[in-house]
Amino acid sequence: MKPLLLLISCALCGLTSQAQGDMQLIDKIVAIIGDEIVLYSDIQAAEMELTKGQGKLTPEQQCMLIEDQAYQKLLLHHAKLDSVTVSDEEVNAQVERRLSYFMNMFGSAEQFEAYYGKSVAQMKEEYFDLIKDQLLVQKQQGEITRNVKTTPADVLRFYQSLPADSLPLIGEQVSYSKIVVDPVIRETA
């Protein structure tokens, strides 16, 4: 068994191209978790999905995004180590369900294919491994949390047991305002 290796922000992986005579970055490895890797292109795709192509994330948000990707790969790695499996029928059903949802959004399979420039069969093939990995991660999370039984009272006891000076200060995230208009009551005769 290979030791678990978590390497964040490793050196460039040498995936470069000789276009225009200059070295041009195609992709790089951001993290390695066991046999799973997180690519820079994966982070960029997730960022584009979050921002919908409208701007950049803050450094804190980017860090959380990388952490989330690494956590997903960690769960996937452990799912494979723990021999967690999903059947091809489960994966195919999920692929069909998701693609039919998107085709309904576009109105027809032809419009869907025109937008993505790929046939439905190509999209099914492309998404099969991705969705299989997502299902493995979900099953692994279920295995981890299956026997966890925590109540709100447990959480309250935990935080009350901590010294008050070791709890982080969390700034106000929600503000509440109330506008009250008292009606003027007139006497009518």
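**Figure 1. Overall view of the predicted model and its six helices and five strands.** The protein holds six helices and five strands, and, read from the N terminus, these elements follow one another as β-β-β-β-β-α-α-α-α-α-α. Of its 189 residues, 20% count as buried, while the accessible surface of the protein amounts to about 15000 Å², with 56% of that area belonging to carbon and sulfur atoms. Among the contacts with a separation of 6 or more, 54% are accounted for by residues 24 or more positions apart.

**Figure 2. Close-up of the hairpin formed by strands β4 and β5.** Strand β4, which spans residues 29-33, pairs with β5 in the antiparallel sense over four bridges, and within this pairing Ile32 stands opposite Ile37 of β5. Two residues lie between the two strands of the hairpin, and Gly34, in the turn, has a positive phi of about 60°.

**Figure 3. Close-up of the two faces of strand β5.** In this strand, made of residues 36-39, Glu36 and Val38 belong to the covered face, whereas Ile37 and Leu39 belong to the uncovered one. Ile37, on the uncovered face, is the residue that Ile32 stands opposite.

**Figure 4. Close-up of a nonpolar surface patch that includes Tyr101.** Tyr101, Phe102 and Met105 together make this patch, which covers about 320 Å². Tyr101 is found in helix α3, a segment comprising residues 88-106. With a relative accessible area of 49%, Tyr101 is partly exposed, and it can count towards the patch because patch residues need over 30% relative accessible area.

Terms used. Residues are numbered from 1 along each chain as its sequence is written. This is a predicted model: local features need pLDDT of at least 70, side-chain atom pairs count only at pLDDT 80 or more; totals for chains, interfaces and linings use all residues. Side-chain values use heavy atoms; hydrogens and water are left out. Buried means under 20% relative accessible area, exposed over 50%, partly exposed in between (1.4 Å probe, protein chains only). Contact means heavy atoms within 4.5 Å. Accessible areas come from the Shrake-Rupley method with a 1.4 Å probe; for residues, only the protein chains shown count as cover. Patches are made of residues with over 30% relative accessible area and no salt bridge: like charges are joined within 9 Å, nonpolar side chains (Val, Leu, Ile, Met, Phe, Trp, Tyr) within 5 Å. A salt bridge is a side-chain nitrogen of Lys or Arg within 4 Å of a carboxyl oxygen of Asp or Glu. Two strands pair if DSSP finds at least two bridges between them.
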